[in-house]
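Visitor: I should like to take a close look at a single part of this structure. Please set out the account in one connected answer.

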Amino acid sequence: MEESFPFHYSLLEYLFTLVGLLLFLLDIALDIWTVVSFYQDGAYVYMAVMIFLLLGSSVLLQVFSWLWYSDSLEKIETKVEKFAYRRLLIKPFHFLQLGIYLRSISTTHFLQYTNSFTEGVAVYLNHDLQMLRLFETFSESAPQLTLMMSIILQREELDSSISYMLTVACLWMYCVAMYHRCMRAFLPKKRKMSWISTGVFFLWNLLLIIPRVTALALFCSVLPCYIIAHFLSLWMLLVLVAWSQKTNYMEHSGWEWLYRAAIGLIWYFCWFNVSTGSIKLKSILYYSFMALDTMMLLGFWCWKVFEYADCWSSLNPHIVIPTLLGLYVIGILVKTIYYRWFHPNCDEKKIAEPIEEGQFPLFDPFLLATCF
């Protein structure tokens, strides 16, 4: 086991996992506060949208969590999960939308007592938890950020919009960066991701996500009814693209479409590797397409601003559009720098080598997808 998983969970790694759990709980409190605020303001449409996003995201997480549990109920390792399994509580927990909390508590407790004999298990526990948080980020936090920014923009509270977007986007990219670090745990120790690499990874994702979410929020602020049509049309196209990549992440082929739907949702906001092969070419095509889509959204917003110039005095398209496009270009450049100098190199042949019986499998499609 030591040779297979030389990644050691340090106190810092444990603290970051614990911080992730605390941020998850804080997000729930803020969601409840937002819904109550909409109700008190009489904004029942926004309240309904928020509740729909919260419930939809929660159901999606519970389904994925239960599916992963159902495929390995006899292999659970933590005391918390064993206690729930012996008393037949795992399924009721998920039905009550509490499955993610079961995973969070058990994983955080397990990481606290990780040693050389259990670190392989810890890697997989943390991977599942980070994957669920990634789904939560793009199924709940991202749409919420777009909705809240569009509301703030409609009220022309520009300072609040910028501060809110930066705060939520930073928390959002923290989740993405932690998932990426978790995936590097499958690599040999000398290949693991440093904190400097994590910082650069965080930066380029932040620079790329800000123009995308801002463009969506600006479009939604002037054409709120059309954002649904835009999402559905683009999302269905992205799901078909995920299908064309022949993903094979779920145990059963029928549930693979649910996974592809989740990938399409992530792609609506940012790039996420799901396959091996010409990843560099695929990312170039993705960013080119999303740049065109973002410019289209900004173009529609600009058209409405000029049509109703008296209502949008606080936002100047001649400043907003070049700034957002400039951030997008800088983000691409920082990403290029990251993969040129900061990304841990990956030896695919070493990763894909057969393993001895009884060891945890090192081959994972997501792992290879993080390597060029």
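Visitor: Which residues have the most contacts inside the largest nonpolar core, and how many residues has this core?

Guide: The model is a predicted one, in which local features need pLDDT of at least 70, side-chain atom pairs count only at pLDDT 80 or more, and totals for chains, interfaces and linings use all residues. Residues are numbered from 1 along each chain as its sequence is written, and side-chain values use heavy atoms, with hydrogens and water left out.

The largest nonpolar core has 77 residues, and W172, I209 and F269 are those with the most contacts inside it. Such a core is a set of buried Ala, Val, Leu, Ile, Met, Phe, Trp, Tyr and Cys residues joined through side-chain atoms within 4.5 Å. Buried means under 20% relative accessible area, exposed means over 50%, and partly exposed lies in between (1.4 Å probe, protein chains only). In soluble globular proteins, nonpolar side chains tend to be buried together.

The setting of this core is a chain with 14 helices and zero strands. Helices (H or I, at least four residues) and strands (E, at least two) are DSSP runs, numbered from the N terminus. Of the 372 residues of the chain, 52% count as buried. Contact means heavy atoms within 4.5 Å; among the contacts in the chain with a separation of 6 or more, 74% are between residues 24 or more positions apart.

At least two residues of the core come from each of α2 (44-70), α6 (119-154), α7 (158-184), α8, α9, α10 (253-269), α11 and α12 (317-342). Helix α8 supplies the largest share, 16 residues.

Helix α8 spans residues 195-222, and two of its residues may be followed outward. T198 is placed in α8 and counts as buried at 5% relative accessibility. With its neighbours within four places in sequence left aside, T198 is in contact with A177, M178, R181 and M193. L208 also lies in helix α8, and counts as buried at 7% relative accessibility. Apart from neighbours within four places in sequence, the contacts of L208 are with Y287, Y328, G331 and I332. The C-alpha atoms of L208 and L324 are 9.2 Å apart in space, while the two residues are 116 apart in sequence.

A further long-range pair involves Y174, which lies in helix α7 and counts as buried at 18% relative accessibility. The C-alpha atoms of Y174 and N205 are separated by 9.6 Å, and the two residues are 31 apart along the chain.

Helix α8 also takes part in a salt bridge, a term that denotes a side-chain nitrogen of Lys or Arg within 4 Å of a carboxyl oxygen of Asp or Glu. By this rule the count comes to one salt bridge, in which the side chains of D293 and R212 meet at 2.6 Å, N to O. The pair links distant parts of the chain, with D293 in helix α11, R212 in helix α8 and their positions 81 residues apart. Both partners are buried: D293 has a relative accessible area of 9%, and R212 has one of 1%.

D293 leads on to the packing of α11. Two packed helices are described by the angle between their axes and the distance between the axes. The axes of helix α9 (residues 226-244) and helix α11 (residues 279-307) come within 14 Å and cross at roughly 175 degrees. Here axes are lines fitted to C-alpha atoms, for helices over the stretch in contact, and angles run from 0 to 180 degrees between N-to-C directions. Helices α9 and α11 are therefore roughly antiparallel to each other, the class for angles over 145 degrees, whereas those under 35 count as roughly parallel, 65 to 115 as roughly perpendicular and the rest as oblique. The contact is made by H230, L234 and L237 of α9 together with F289, M290, D293, M296 and L297 of α11. These residues divide into six nonpolar, one polar and one charged, where Ala, Val, Leu, Ile, Met, Phe, Trp, Tyr, Cys and Pro count as nonpolar, Asp, Glu, Lys and Arg as charged, and the others, Gly among them, as polar.

Beyond α9 the chain reaches K246, placed in the loop between α9 and α10. K246 is exposed, with a relative accessible area of 72%, and has a positive phi near 55 degrees in a residue other than glycine.
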